[in-house]
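Me: Please take a close look at one part of this model. Show me how its pieces fit together, and keep the sentences short.

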Amino acid sequence: MFKSASILLRRGIKPPPAAAAATRSFASSSSDEPLVKTALYSLHKDLGGDMVPFAGYELPVLYKAEHGGVMKEHLWCRTEGKASLFDVSHMGQIRWHGKDRAAFLERIVVGDIAGLGGGNGCLSLVTNETGGIIDDTVITNAGDYIYMVVNGATKFGDMKHFREQMERFDGDVTMEYLEDSMQLLAIQGPGAADAVGKILPSGLDLTKMPFMTGVATTLDGVEGCRITRCGYTGEDGFEIAMPAEYAESIASKLISDPAVNPTGLGARDSLRLEAGLCLYGHDLDETINPVEATLAWTMGGPKGRRRKEGGFLGAEHILKPDGKLQKVARKRVGIMGMKAPAREGAEIYDAAGENKIGDVTSGTFSPCLKAPIAMGYVETPMSKKGTEISLKIRGKFQKAEVTPMPFVESRYYRVPE
């Protein structure tokens, strides 16, 4: 259990809904292997970080500070002029080299990698031979190489899969895993651009930097860094990579800005759920394909090259020969209207509570909406907006409704015209 929540429970005090959700979300992260500490471990402890195991690393779930705790950290990220700083150094950073790197990547992911212009990026999906999702990833054309970020919990399995596919690929491609030599921070929220701008060179104008683009740069004068305008909260923001030996000084510089608040895994999870974004291993896995996950847009439109050509692993299970989508028996949906939060594994039934139609994969109490939200998979005929359903929560049925996502409006940056 999270230390803070377990103390409350022992004292007979019920933790806030968001804190309790965070406790359940990460308490199962355990392994016999020693946990890896990121370059910011000491800083996290100094800031009051409540450290927990996650993806083989020791990371803060929340901070015991004036603006700490899942609820406060969450709301800070949504507040005008504010920004939240996350340590995401557990994620896998990979550079792809070789003249055939784009062609190889189009074998293992569903997106149009060859079509990415310099500095442009995309969210894509790594698929297996049956079309199931091995991982979700952000890929950017960095010019001399292609930059990929994969999930921390899956990165070693991903790279094993990549190596197997490289052995079958007749072309020039090499994979460079950056290990922990490069650390990764995410700064998210309406004030993220102002905060990051203070440590960037004066020549880099963030007002002209579109969402899902990246560039090599210096950060606070440190060479060998990279900034990508992306994130997983539904807010404007950036992922910034830097050499490990400079991570603490750069993070400290960022949080010296009173608008920037250190934020843990608990708020990161509730923020991404409000934004309707998937968490791998919960909302996505190798038995779920992009159509079922309502992520077919990662392949491009119906007339796009990837939809017409396929060519990625499992394409024949996802696309028809003409590029149209194969029909699926289930789809991912948003859910609202229940009185109590529905956690992962809660069963979904029809409105009468007679026929089971699916399962919840993520659920929490929304700090912004002050109401329970969830996502899950239901039978396709029951996936339309407004469909009345029932959730079985703690042995009792609760009325709910299929709801569009995101639950909270996204505010990704658009360059002014």
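Reply: **Two helices and a sheet**

Start with the residues where the two helices touch. Phe104, Arg107 and Ile108 of helix α5 are in contact with His161, Phe162, Gln165 and Met166 of helix α6 (contact means heavy atoms within 4.5 Å). This is a predicted model: local features need pLDDT of at least 70, side-chain atom pairs need 80 or more, and totals for chains, interfaces and linings use all residues. Residues are numbered from 1 along each chain as its sequence is written, and side-chain values use heavy atoms, without hydrogens and water.

Helix α5 covers residues 101–108, and helix α6 covers residues 155–167. Helices are DSSP runs of H or I with at least four residues, strands are E runs with at least two, and both are numbered from the N terminus. The axes of α5 and α6 lie 11 Å apart, and the packing angle is about 115°. Axes are fitted to C-alpha atoms, for helices over the stretch in contact, and angles run from 0 to 180 degrees between N-to-C directions.

Now turn to the sheet. Its five strands run in the order β6-β7-β8-β5-β9. The sheet is open, and its pairing is antiparallel. Two strands pair if DSSP finds at least two bridges between them. At the edges are β6 (121–127) and β9 (174–177), and each of these pairs on one side only. From one strand to the next, the twist averages 30°. Helix α6 packs on this sheet. There α6 touches β5 (92–97), β6, β7, β8 and β9. The directions of α6 and β9 make an angle of about 165°.

Look at one pair of strands inside the sheet. Strand β7 spans residues 133–141, and strand β8 spans residues 146–150. They run antiparallel, joined by five bridges. One of the bridge pairs sets Asn141 against Ile146 in β8.

Next, pick one residue of β7: Thr137. Is Thr137 buried or exposed? Thr137 counts as buried, because its relative accessibility is 1% (buried is under 20%, exposed over 50%, partly exposed in between, with a 1.4 Å probe and protein chains only). Who surrounds Thr137? Beyond four places in sequence, Thr137 is in contact with Val109, Cys122, Leu123, Ser124, Val126, Met148, Val149 and Val150. With Val149 there is also a polar link: a polar atom of the Thr137 side chain lies 2.8 Å from the backbone oxygen of Val149.

For comparison, here is another strand. Strand β13 covers residues 237–243, and seven of its seven residues are buried. Strand β10 (residues 182–188) pairs with β13 over seven bridges, in the antiparallel sense. In that pairing, Leu184 stands opposite Ala241 of β13. Strand β12 (residues 222–228) also runs antiparallel to β13, with three bridges between them. Thr228 has Glu239 in β13 as its bridge partner.

Finally, visit a buried residue in a loop. Asp283 sits in the loop between α9 (265–274) and α10 (305–309). Asp283 has a relative accessible area of 0%, so it is buried. Outside its neighbours within four places in sequence, its contacts are Arg272, Leu277, Cys278, Ile288, Thr361, Ser362, Met375 and Tyr377. Two of these partners deserve a second look. The side chains of Asp283 and Thr361 make a polar contact of 2.6 Å. The side chains of Asp283 and Ser362 make a polar contact of 2.9 Å. A polar contact is a pair of N or O atoms within 3.5 Å; within protein, one must be able to donate a hydrogen and the other to accept it, and residues adjacent in sequence count only if both atoms are side-chain atoms.
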